[in-house]
Amino acid sequence: MRGTPADGTDPRAQIAFLGPSGDWWLRTGARGGYLAFLPRDAYSVQAFTSISAFYGDVTLTTSRTFDVQLATATSVTARA
């Protein structure tokens, strides 16, 4: 799996692939790209920068490109 998260401003992102066979966390390079060697499986995908985020699902059956489209996020603080 390879790809680029895109929010138009910040090329650095953290990406998590969460699945039954394990969880994989990675960071993009300075230009925003990533390369991950993952087992074939279905994954929940979480990606974020300091100003944007993405949550979604992907199923891997072959090698593929997965460009993450990040959306502008809002910081929320809660008190109990």
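How many aromatic pairs does the count come to? In this predicted model, the count comes to 4 aromatic pairs. One of them brings together F17 and Y34, whose ring centres are 6.1 Å apart and whose planes meet at 50°, so the pair is tilted. A tilted pair has planes that are neither under 30 degrees nor over 60 degrees apart, and 50° therefore falls in that class. This pair joins distant parts of the chain, with F17 in strand 2 (residues 14-19) and Y34 in strand 4, 17 residues apart. Both F17 and Y34 are buried.

A further pair is formed by W24 and Y43. Here the ring centres are 6.0 Å apart and the planes stand at 80°, so the pair is edge-to-face. Distant parts of the chain are again linked, as W24 belongs to strand 3 and Y43 to strand 5 (residues 41-48), 19 residues apart. The two partners can be looked at in turn for their exposure. W24 has a relative accessible area of 26% and is partly exposed, whereas Y43, with a relative accessible area of 2%, is buried. The cut-off for burial is under 20%, which means that W24 at 26% is not counted as buried. Taken together, ring pairs link F17, W24, Y34 and Y43 into a cluster.

Attention now turns to the loops, beginning with T28. This residue sits in the loop between strand 3 (22-27) and strand 4 (34-35). Is T28 buried or exposed? With a relative accessibility of 3%, T28 counts as buried. The side chain of T28 reaches the backbone nitrogen of A13 at 2.8 Å. Beyond its neighbours within four places in sequence, T28 is in contact with P5, P11, R12, A13, I15, G33 and Y34. Y34 in that list is also a member of the ring cluster.

A13, the residue whose backbone nitrogen the T28 side chain reaches, lies in a loop as well, between strand 1 (2-3) and strand 2. A relative accessible area of 5% makes A13 buried. Which residues does A13 touch, not counting those up to four places away in sequence? They are P5, L26, R27, T28, F48 and T49. For L26, a C-alpha separation can be added: the C-alpha atoms of A13 and L26 are separated by 8.5 Å, with the two residues 13 apart along the chain. P5 appears among the contacts of T28 and also among the residues that A13 touches.

Conventions:
Residues are numbered from 1 along each chain as its sequence is written. This is a predicted model: local features need pLDDT of at least 70, side-chain atom pairs count only at pLDDT 80 or more; totals for chains, interfaces and linings use all residues. Side-chain values use heavy atoms; hydrogens and water are left out. Helices (H or I, at least four residues) and strands (E, at least two) are DSSP runs, numbered from the N terminus. Buried means under 20% relative accessible area, exposed over 50%, partly exposed in between (1.4 Å probe, protein chains only). A polar contact is a pair of N or O atoms within 3.5 Å; within protein, one must be able to donate a hydrogen and the other to accept it, and residues adjacent in sequence count only if both atoms are side-chain atoms. Contact means heavy atoms within 4.5 Å. Rings of Phe, Tyr and Trp (its six-membered ring) pair if their centres lie within 6.5 Å; planes under 30 degrees apart count as stacked, over 60 as edge-to-face and the rest as tilted.
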